[in-house]
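User: Please take me through this structure by questions and answers. I am new to it.

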Amino acid sequence: MEKKWWHDKVAYQIYPKSFKDSNGDGIGDLRGIIEKLDYLKELGADILWLCPIYKSPFVDQGYDISDYYKIDESFGSMEDFDELLAETKKRDMYVIMDLVINHCSDQHEWFQKALKDPEGEFGDYFYFRKGKDGNPPSNYRSYFGGSAWEKVAGSDYYYLHMFAKQQPDLNWNNEKLMRELYTMVNWWLEKGLAGFRIDAIMNVKKDMEFKDLEPDGEDGLGEVWRMLETVDGVGEMLEDLKRNTFEKYQAFTVAEVSTMKKDELSDFIGDNGHFGTMFDFSATVLGNGEHGWYDSKPIQFDDFRRVLYRSQLACQDVGFLANIIENHDSPRGVNRFLPEYARNDAGIKMLGTVSVLLRGIPFLYQGQEIGMQNCQRDSIEEYDDISTIQEYHKALEAGFEPKEALAVCGQISRDNARTPMQWDDGENAGFTRGTPWLKTNPNYRRINVKEQMEREDSVLNYYKRLLALRKSDLYREVFTYGRFAPLFEMEEKIFAYERRLENTAVRVIANFSCVEKTLPVDYLSGDQVLLNNLEEIWVQERSITLRPFQVVVVRS
Ligand code: NOJ
Ligand code: CA
């Protein structure tokens with residue numbers, strides 16, 4: 001496997017709106033990020049992924065871009081951005097941004113021009129089609145609910161939006177548009193960006209006949225992503241993108257890939273793949289409801305372990321996956337992957353350890369390093385996320401009481417991860433001196449960076465040790481390139497694996513159960529223990545006993 005500059009890096013996802021507000025307007029900003037660079041460096045982050053900071057009406061929190069060349073004023077200016085780049089460089093850190101080019105905002109100048117003349121030059125930047133017998137061109141249901149076609153007032157045309165109606169899809173068959181997009185991508189790379197996180201990319205290739213789907217609900221619509229399964233050829237589009245942009249800059253790219261077909265892994269993340277890496281969502285999608293959030297199920301440990309082992313084994317001869325326990329689209333990993341009895345410091349450290357030491361690129365999400373958790377709300381008014389509001393109403397329509405529907409949001413809402421970062425126990429968690437755009441999680445008095453910095457055995461200090469171990473001179477290679485092999489697969493509630501590179505082998509052994517477990521592990525001397533989330537380790541001659549939620553990292 002060809003070595004790349006980013007293989008041994010640790011990435012950290014910043015949700016700028018909620019990270020740190022420097023000017024008291026309640027919205028996190030670039031100067032706030034600059035203030036916290038030393039904190040991130042000390043934690044062990046190398047690559048910072050910034051969620052969208054481009055100019056946007058924020059219908060979908062910046063995933064609706066109205067100008068790809070501008071920084072949204074709420075985040076600061078281009079000078080602030082340049083300063084952020086310079087400051088990260090000084091610290092040997094890298095910045096990647098979101099690349100949202102499946103769709104743009106309906107406020108983008110291209111779309112505004114297209115609306116005026118759907119048959120004109122800019123009309124072809126999008127998908128405008130005439131309706132059928134007074135109905136939309138097809139029965140697609142958008143990701144955010146309702147038809148994926150929006151009627152243009154005063155005309156027979158509809159336009160396609162796979163997400164919200166304010167996010168019209170861009171037509172990747174239009175060569176002029178593609179040149180515009182490539183120029184824009186290169187413009188950012190020229191500025192010194194290290195790469196991109198690539199949004200919703202599998203949606204770019206459509207069935208140009210826009211055939212109806214088998215309805216899968218009472219609304220007579222079918223989920224639009226089913227259309228993606230019926231088309232081939234997205235790879236050619238992705239190769240073209242890569243050749244015209246990323247490849248020339250050795251950029252790091254991490255893709256959000258939802259509907260990959262079987263046996264395509266090497267096309268995506270092999271040595272010459274379309275992308276550097278892509279997220280492993282195999283655990284994040286577990287428990288997803290069939291009809292909506294309201295019928296989602298709690299994740300079972302066995303499934304969690306099975307899918308992660310499977311993707312680890314599938315990718316190790318091919319390339320690198322990006323490993324996460326949470327992101328801005330999901331609830332907090334602590335609430336999702338740990339049973340209630342394990343949502344304590346030990347359990348949180350254990351979950352972090354098994355995830356960070358997997359083979360692949362670890363992506364931490366802001367607040368994960370202090371064990372931030374989901375946030376219950378008293379009213380739907382307290383949510384901002386477009387998808388939460390839609391899912392809330394879906395739950396009501398399915399017969400849930402408002403209280404029950406709110407409880408569903410408390411578990412699944414994307415706003416769970418979007419609450420302000422908890423810096424200290426002062427007002428608004430030290431995130432802002434104004435009124436935060438989204439209410440802070442009230443648990444910030446207990447869970448915050450300041451308290452954890454001062455406490456030696458905190459989750460934060462543990463994460464620092466964990467990342468330092470992963471990047472240490474002695475173990476960096478094995479954690480980067482070492483093979484993955486599951487251990488103790490027949491043991492209930494044990495998540496364990498070996499990473500091995502030539503003569504170096506390291507074992508990660510975690511007890512997710514609430515009882516002690518004794519496992520056959522050859523004699524251990526103290527100096528073989530590289531990391532332990534509890535104070536002690538209980539070893540016998542040929543075995544080791546793990547307390548509930550204990551994780552140890554040992555070398556052979
Ligand atoms: C995936 C992003 O992560 C999510 O936040 C967004 O709503 C959709 N793509 C649409 O851009
Ligand atoms: Ca601000």
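The turns below go from the conventions to a sheet, a metal site, the cores and the aromatic pairs.

User: What kind of model is this, and what pLDDT do local features need?
Analyst: Residues are numbered from 1 along each chain as its sequence is written, while chains are lettered from A and ligands numbered from 1 in the order in which they are written. Side-chain values use heavy atoms, with hydrogens and water left out, and this is a predicted model in which totals for chains, interfaces and linings use all residues, side-chain atom pairs count only at pLDDT 80 or more, and local features need pLDDT of at least 70.

User: Which strands stand at the edges of the open sheet of five strands?
Analyst: Strands here are DSSP runs of E with at least two residues, helices are runs of H or I with at least four, and both are numbered from the N terminus. Two strands pair if DSSP finds at least two bridges between them. The pairing in this sheet is antiparallel and the order is β16-β17-β18-β23-β20. Each edge strand has a single partner, so one side of it is left without a neighbour in the sheet; the edge strands are β16 (483-486) and β20 (529-532).

User: What is the bridge partner of A496 in β18?
Analyst: Strand β17 (residues 494-501) and strand β18 (residues 504-511) run antiparallel and are joined by eight bridges. In β18, the partner of A496 is I509.

User: Which strands does helix α12 touch, and what angle does its direction make with that of β18?
Analyst: Contact means heavy atoms within 4.5 Å. Axes are lines fitted to C-alpha atoms, for helices over the stretch in contact, and angles run from 0 to 180 degrees between N-to-C directions. Helix α12 (residues 345-356) packs on the sheet and touches β17, β18, β20 and β23 (551-555), and the angle with β18 is about 145 degrees.

User: At what angle to β20 does helix α16 run?
Analyst: Helix α16 covers residues 459-470 and lies across β20 and β23. Its angle to β20 is about 150 degrees.

User: Which residues coordinate the calcium ion (ligand 2)?
Analyst: Donors are N, O and S atoms within 2.8 Å of the metal (3.2 Å for Na, K and Ca), and sites may look incomplete because water is not among the atoms. Along the chain the donors follow the spacing D-x1-N-x1-D-x1-I-x1-D. At 2.3 Å, the ion is coordinated by D21 (OD), N23 (OD1), D25 (OD), I27 (O) and D29 (OD).

User: Is N23 buried or partly exposed?
Analyst: Buried means under 20% relative accessible area, exposed over 50%, and partly exposed in between (1.4 Å probe, protein chains only). D21 has 3% and is buried. N23 has a relative accessible area of 45%, so N23 is partly exposed.

User: Where is Q61, and what is its phi?
Analyst: Q61 sits in the loop between β3 (54-55) and β4 (67-71), and its relative accessible area of 5% makes it buried. Most residues other than glycine have a negative phi. Q61 has a positive value, near 50 degrees.

User: Which residues have the most contacts inside the largest nonpolar core?
Analyst: A nonpolar core is a set of buried Ala, Val, Leu, Ile, Met, Phe, Trp, Tyr and Cys residues joined through side-chain atoms within 4.5 Å. The largest has 148 residues, and those with the most contacts inside it are F81, F196, F304 and F495.

User: Which helix gives the largest share of this core?
Analyst: The share is eight residues. They come from helix α5 (residues 175-191).

User: How are the planes of the Y309 and F495 rings set, and what type of pair is this?
Analyst: Rings of Phe, Tyr and Trp (its six-membered ring) pair if their centres lie within 6.5 Å; planes under 30 degrees apart count as stacked, over 60 as edge-to-face and the rest as tilted. Y309 and F495 are both buried. Their centres are 5.2 Å apart and their planes at 70 degrees, so the pair is edge-to-face.

User: How many residues apart in sequence are the parts that the pair of Y309 and F495 ties together?
Analyst: Y309 belongs to helix α10 (residues 301-315) and F495 to strand β17. The separation in sequence is 186 residues.

User: Which residues is L238 in contact with, leaving aside neighbours within four places in sequence?
Analyst: L238 is part of helix α7 (residues 234-244) and is buried at 1% relative accessible area. Its contacts are I201, F268, H274 and F275.
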